[in-house]
Amino acid sequence: GVPVSTGNSGGPLINVRGEVVGIITLKRSNAAGIGFALPSSGSLELIEAIIEKGNIDGVVSSVSKSRPLIGITGVGLEPGVWYEQTEDGVRVATEAFAQAHPSLCISTDVAGVYVTSLNPELDASNYLIEGDVITHVNGTEVYVTYDIMDIVNNFDGGEVVKVTFVRDGETYTVDITLGTED
């Protein structure tokens, strides 16, 4: 993940190799540094259309159609690290702080996306609960919310993705039907 600040919208999301992998679209106001991006593959089709004819009328792209939604808000966690739950999400905590304030802190034995909330109107809420750690979507390992979005953006609303998660030390895999953002 990369930090996303207010004002970054429209800017590039760059990977560690300096390659543009997306265009930043928004930052959650109540989650420090958690942002969302459109994948560069679908965005490029729209950018080329704007350059060529000044608009995107009639262009069908993975980002111009109704966007698929999985209905999960989460944060990437590393195994064996203590995190303090805050109003803005989570932040790394010391083990001493975690022992002194166990009700405020979380830790996981697996890397993945810790579910902080679910959209009750979407199918994910029928299978997942806050505190689950999503480790795979359609067999691909996920570490941050962008990883999940990158996979989900290849589907349409109404299609199904397989989500593997850990709850109370047990691993489960469920089929989740994606919703649609119109």
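Okay, let's start with one residue pair: Tyr114 in β9 has Val133 in β10 as its bridge partner. Before I go on, keep in mind that this is a predicted model.

So, how many bridges join β9 to β10? Two, and the strands run antiparallel. For those of you following along on the sequence, β9 covers 112-118 and β10 covers 133-137. Now, β9 has another neighbour as well. Strand β5, residues 72-77, is joined to β9 by six bridges, and these strands are antiparallel too. If you want one contact to click on there, take Ile72, whose bridge partner in β9 is Leu118. A quick reminder on what pairing involves: strands of a sheet pair through backbone hydrogen bonds, either parallel or antiparallel.

Let's go to the loop between β9 and β10, where you'll find Glu121. Buried or exposed, what is Glu121? With a relative accessible area of 73%, Glu121 counts as exposed, because the cut-off for that word is over 50%. Glu121 also has a partner from elsewhere in the chain that I'd like you to look at. Gly179 is 58 residues away from Glu121 in sequence, yet their C-alpha atoms are 8.7 Å apart in space.

Next up, a sheet. Here we have three strands in an open arrangement, in the order β7-β6-β8, with antiparallel pairing. Which strands sit at the edges? Those are β7, residues 89-92, and β8, residues 105-106, and each of them pairs on one side only. Strand β6 is residues 83-86, and two bridges link β6 to β8 in the antiparallel sense. Within that pairing, Tyr83 stands opposite Ile106 of β8.

Last topic: backbone angles. Most residues other than glycine have a negative phi. Keep that in mind for the next two residues.

The first is Asn138, with a phi near 50°, so a positive value in a non-glycine residue. You'll find Asn138 in the loop between β10 and β11, the latter being 140-141. Asn138 is partly exposed, at 33% relative accessible area.

Then there's Asp168, where phi is again positive, near 50°, and again the residue isn't a glycine. Where does Asp168 sit? In the loop between β12 (160-167) and β13 (170-177). Asp168 comes out as exposed, since its relative accessible area is 77%.

That's my tour. If you open the model afterwards, try Tyr114 and Val133 as your way into β9 and β10, then hop over to Glu121 in the loop between them.

Terms used
Residues numbered from 1 in each chain as written. Predicted model: local features only at pLDDT ≥ 70, side-chain atom pairs only at ≥ 80, totals over all residues. Heavy atoms only, no water. Helix = DSSP H or I, 4+ residues; strand = E, 2+ residues; numbered from the N terminus. Buried < 20%, exposed > 50% of the residue type's maximum accessible area, 1.4 Å probe, protein only. Pairing = 2+ DSSP bridges.
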